[in-house]
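Reader: Could you take one part of this model and walk me through it slowly? I'd like a close look at a single helix and the charged contacts around it.

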Amino acid sequence: MARSGINKTLVEKAKNAIVSRGENPSIDRVRIELGNTGSKATIHRYLKEIEEEEGASVDKKSFLSCEIEELVSTLAAKLHEESSQIVIDNDAAHAKKLVN
């Protein structure tokens with residue numbers, strides 16, 4: 001009895017389900033989502049096609065103005081700076097507790 005196999009639509013639905021759960025849609029995860037069917041090569045090919053189509057339809061940079069990009073970059077740098085300082089402070093406090 002022949003199996004029906006997988007197609008691009010099924011791979012795309014599986015990928016979307018995985019992404020909606022906040023997970024990375026790897027070849028193995030997509031294959032598991034499909035019920036452990038389909039070859040890894042076929043899934044990889046479909047994922048690559050889907051990625052190319054999504055990339056062609058949405059150019060993320062074209063939607064952001066320079067001002068917004070600068071703001072986000074500045075905020076990211078400030079967040080990194082502040083979080084690094086928190087880690088340094090916590091490390092110092094922990095080291096002080098170990099000495100006492």
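Author: Let's start with a yardstick: a residue counts as buried under 20% relative accessible area, as exposed over 50%, and as partly exposed in between. By that rule Glu23, with a relative accessible area of 32%, is partly exposed. Keep in mind that this is a predicted model.

Now to helix α1, which covers residues 8-20, 13 residues in total. From its first C-alpha to its last, α1 reaches 18 Å, close to the 18 Å expected at 1.5 Å a residue.

Which residues of α1 are buried? They are Val11, Ala14, Lys15 and Ile18. These residues sit on the same side of α1, because they cover an arc of only 100 degrees around the axis. Turn to the face pointing away from that buried side and you find the exposed residues Lys13 and Ser20.

Next, the two ends. At the N-terminal end, Asn7 acts as the cap of α1: one of its side-chain oxygens lies 3.0 Å from the backbone nitrogen of Thr9. Past the other end, α1 is followed by Gly22, which has a positive phi, near 80 degrees. Around there you also meet a salt bridge between the side chains of Arg21 and Glu23, at 3.6 Å from N to O. Like Glu23, which is partly exposed, Arg21 counts as partly exposed, at 46% relative accessibility.

That pair is a handy way into the charged contacts, as the structure holds nine salt bridges. Another one involves α1 itself: Lys8 pairs with Glu53, and their closest N and O atoms are 2.3 Å apart. This pair links distant parts of the chain, with Lys8 in helix α1 and Glu53 in helix α3 (residues 40-57), 45 residues apart. Both partners fall in the middle class of the yardstick: Lys8 is partly exposed with a relative accessible area of 23%, and Glu53 counts as partly exposed at 42%.

For a salt bridge away from α1, look at Lys78 and Glu82, whose closest N and O atoms are 3.7 Å apart. Lys78 and Glu82 are separated by about one helical turn, because they are four residues apart in helix α4 (residues 66-99). Here too the partners are partly exposed, Lys78 at 40% relative accessibility and Glu82 with a relative accessible area of 42%. Back at Lys8, the story gets a bit wider: salt bridges that share partners join Lys8, Arg45, Glu49 and Glu53 into one network.

Key. Residues are numbered from 1 along each chain as its sequence is written. This is a predicted model: local features need pLDDT of at least 70, side-chain atom pairs count only at pLDDT 80 or more; totals for chains, interfaces and linings use all residues. Side-chain values use heavy atoms; hydrogens and water are left out. Helices (H or I, at least four residues) and strands (E, at least two) are DSSP runs, numbered from the N terminus. The expected span of a helix is 1.5 Å times one less than its number of residues. Buried means under 20% relative accessible area, exposed over 50%, partly exposed in between (1.4 Å probe, protein chains only). The arc is that of the directions from the helix axis to the C-beta atoms. A polar contact is a pair of N or O atoms within 3.5 Å; within protein, one must be able to donate a hydrogen and the other to accept it, and residues adjacent in sequence count only if both atoms are side-chain atoms. A salt bridge is a side-chain nitrogen of Lys or Arg within 4 Å of a carboxyl oxygen of Asp or Glu.
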